[in-house]
Amino acid sequence: MHDEPIDPFNGDPADPAAGLHDSGEEETLDPLTEVERQDVLEDLADLEIYQALLQPIGVRGLVIECEDCREPHYFDWDLLRGNLRHLLNSGRPRVHEPAYDPDPDHYVSWDYARGYADGVHDTLTEGTDDAAQE
């Protein structure tokens, strides 16, 4: 099973995107630092929690404000997870485009998801704190 979609043109000499990355020079990026890798791993762990809490109430994924185009990008859970894993493995983000006609009502921001998870955590620990005090 693949974490990301398989390129249907992989190895095809008629690949319409074959020349897009042939700049003559291989673009080299510095690998992720240990701190950056840890941040991505934490984001992946957080994403699992957010999905477990929010998907049952109809949230399909997260919306992220793109720094490059200043547009909101809507990512379903699996796509965002795949993008984070790709970043972790390759050290570079994927090229992206905004989703086609997403329903913004089905997506929440990363901050909202974090606040929701924190609220659930606080609610659950309040019950155990109250019982411990008695």
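Two rings of Phe, Tyr or Trp (for Trp, the six-membered ring) are taken as a pair when their centres lie within 6.5 Å. By that criterion this predicted model holds three aromatic pairs, and two of them are visited here before the tour moves on to a helix packing.

Begin by selecting Y74 and Y107, whose ring centres are 5.1 Å apart and whose planes meet at 70°, so the pair is edge-to-face. Colouring by secondary structure places Y74 in strand β2 (residues 72–76) and Y107 in strand β3 (residues 107–109), so the pair ties together parts that are 33 residues apart in sequence. Both rings belong to buried residues, Y74 having a relative accessible area of 17% and Y107 one of 16%.

Next select Y112 and Y116, where the centres are 6.3 Å apart and the planes lie at 25°, so this pair is stacked. Both residues sit in helix α3 (residues 110–133), four residues apart, which is about one turn of the helix. Y112 is partly exposed at 45% relative accessibility, and Y116 is likewise partly exposed, at 28%.

Finally, show helix α1 (residues 34–54) together with helix α2 (residues 77–90), which pack with their axes 10 Å apart and at an angle of about 170°. An angle over 145 degrees counts as roughly antiparallel, and that makes α1 roughly antiparallel to α2; the crossing is left-handed. To inspect the contact, display side chains including V40, L44 and L47 of α1 and W77, L80 and L84 of α2. Across the whole contact, the residues divide into eleven nonpolar, five charged and one polar.

How values were computed. Residues are numbered from 1 along each chain as its sequence is written. This is a predicted model: local features need pLDDT of at least 70, side-chain atom pairs count only at pLDDT 80 or more; totals for chains, interfaces and linings use all residues. Side-chain values use heavy atoms; hydrogens and water are left out. Rings of Phe, Tyr and Trp (its six-membered ring) pair if their centres lie within 6.5 Å; planes under 30 degrees apart count as stacked, over 60 as edge-to-face and the rest as tilted. Helices (H or I, at least four residues) and strands (E, at least two) are DSSP runs, numbered from the N terminus. Buried means under 20% relative accessible area, exposed over 50%, partly exposed in between (1.4 Å probe, protein chains only). Axes are lines fitted to C-alpha atoms, for helices over the stretch in contact, and angles run from 0 to 180 degrees between N-to-C directions. Angles under 35 degrees count as roughly parallel, over 145 as roughly antiparallel, 65 to 115 as roughly perpendicular and the rest as oblique. A crossing is left-handed if the near helix is turned anticlockwise from the far one by less than a right angle, and right-handed if clockwise. Contact means heavy atoms within 4.5 Å. Ala, Val, Leu, Ile, Met, Phe, Trp, Tyr, Cys and Pro count as nonpolar, Asp, Glu, Lys and Arg as charged, and the others, Gly among them, as polar.
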